[in-house]
Amino acid sequence: NPAHTRIIWASSFGNADPLRLDWGVMDNDGTGQRRLTFFNEPGQQDFVAAGTVLTADFAWIDDTRIIGLVMTNAALNTGFIATYKIGTYPVARVIH
């Protein structure tokens, strides 16, 4: 983030399909790791039933919010833009 206190990364978080990616957030020293999104977890608020979900590029809006591109099928030709406010749980999400 702009204050250099947090890091966002993409991971399959143990999913059997390594292309099913979600975002995680941690402090810049590697502590405080937690999953930020649950696009590939049925029953979760973020779950997307459109097939393979791959988190793509993102950018920090400010110290607590990100905006990112999320691709939503195996051909990766459809998707959506999501914004997240970090530090709240569940994470506040707006889909565009």
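These are exercises with worked solutions on a predicted model.

**Exercise 1. Determine which elements build the chain, and in what order.**

Start with the counts: there are 0 helices and 7 strands. From the N terminus on, the run is therefore β-β-β-β-β-β-β. Next, take burial: of the 96 residues, 34% count as buried. Then the surface: the chain exposes about 5200 Å², with 57% of it supplied by carbon and sulfur atoms.

**Exercise 2. Work out the strand order of the open sheet of 3 strands, and find its edges.**

The order is β1-β2-β3, and the pairing is antiparallel. β1 (6-11) and β3 (34-35) each have a single partner strand, so they stand at the edges. One side of each is left without a neighbour in the sheet. Now look at the β2 and β3 pair: 2 bridges join them in the antiparallel sense. Within β3, Arg34 stands opposite Val25.

**Exercise 3. Trace the salt bridges, and state how covered each partner is.**

The structure holds 3 salt bridges. In general, side chains of opposite charge can pair when their charged atoms come close.

- Step one: Arg20 bridges to Asp17, with the closest N and O atoms 3.7 Å apart. Arg20 has 24% relative accessibility, so it counts as partly exposed. Asp17 is partly exposed too, at 26%.
- Step two: Arg35 and Asp22 meet through their side chains at 2.9 Å, N to O. This pair links distant parts of the chain, since Arg35 lies in strand β3 and Asp22 in strand β2, 13 residues apart.
- Step three: the cut-off for buried is under 20% relative accessible area. Arg35, at 17%, is therefore buried. Asp22, at 0%, is buried as well.
- Step four: Arg35 also forms a salt bridge with Glu41, the closest N and O atoms being 3.6 Å apart. Glu41 is partly exposed, at 27%.
- Result: Asp22, Arg35 and Glu41 are linked in a network of salt bridges.

**Exercise 4. Locate the largest nonpolar core, then a nonpolar patch on the surface.**

The largest core has 13 residues. Ile8, Trp23, Phe39 and Ile66 touch the most other members. β2 (22-27), β5 (65-71) and β6 (79-85) are the elements that give two or more residues to this core. The largest share, 3 residues, comes from β6.

Turn to the surface. Ile61, Ile67, Leu69 and Ile81 form a nonpolar patch there, with about 270 Å² of accessible area together. Take Leu69, found in strand β5. Its relative accessibility is 33%, so Leu69 counts as partly exposed.

Technical notes: Residues numbered from 1 in each chain as written. Predicted model: local features only at pLDDT ≥ 70, side-chain atom pairs only at ≥ 80, totals over all residues. Heavy atoms only, no water. Helix = DSSP H or I, 4+ residues; strand = E, 2+ residues; numbered from the N terminus. Buried < 20%, exposed > 50% of the residue type's maximum accessible area, 1.4 Å probe, protein only. Areas by Shrake-Rupley, 256 points an atom, 1.4 Å probe, with all protein chains shown as cover. Core = buried A, V, L, I, M, F, W, Y, C linked by side-chain atoms within 4.5 Å. Patch = residues over 30% accessible without salt bridge, like charges linked within 9 Å, V, L, I, M, F, W, Y side chains within 5 Å. Salt bridge = Lys/Arg side-chain N within 4 Å of Asp/Glu carboxyl O. Pairing = 2+ DSSP bridges.
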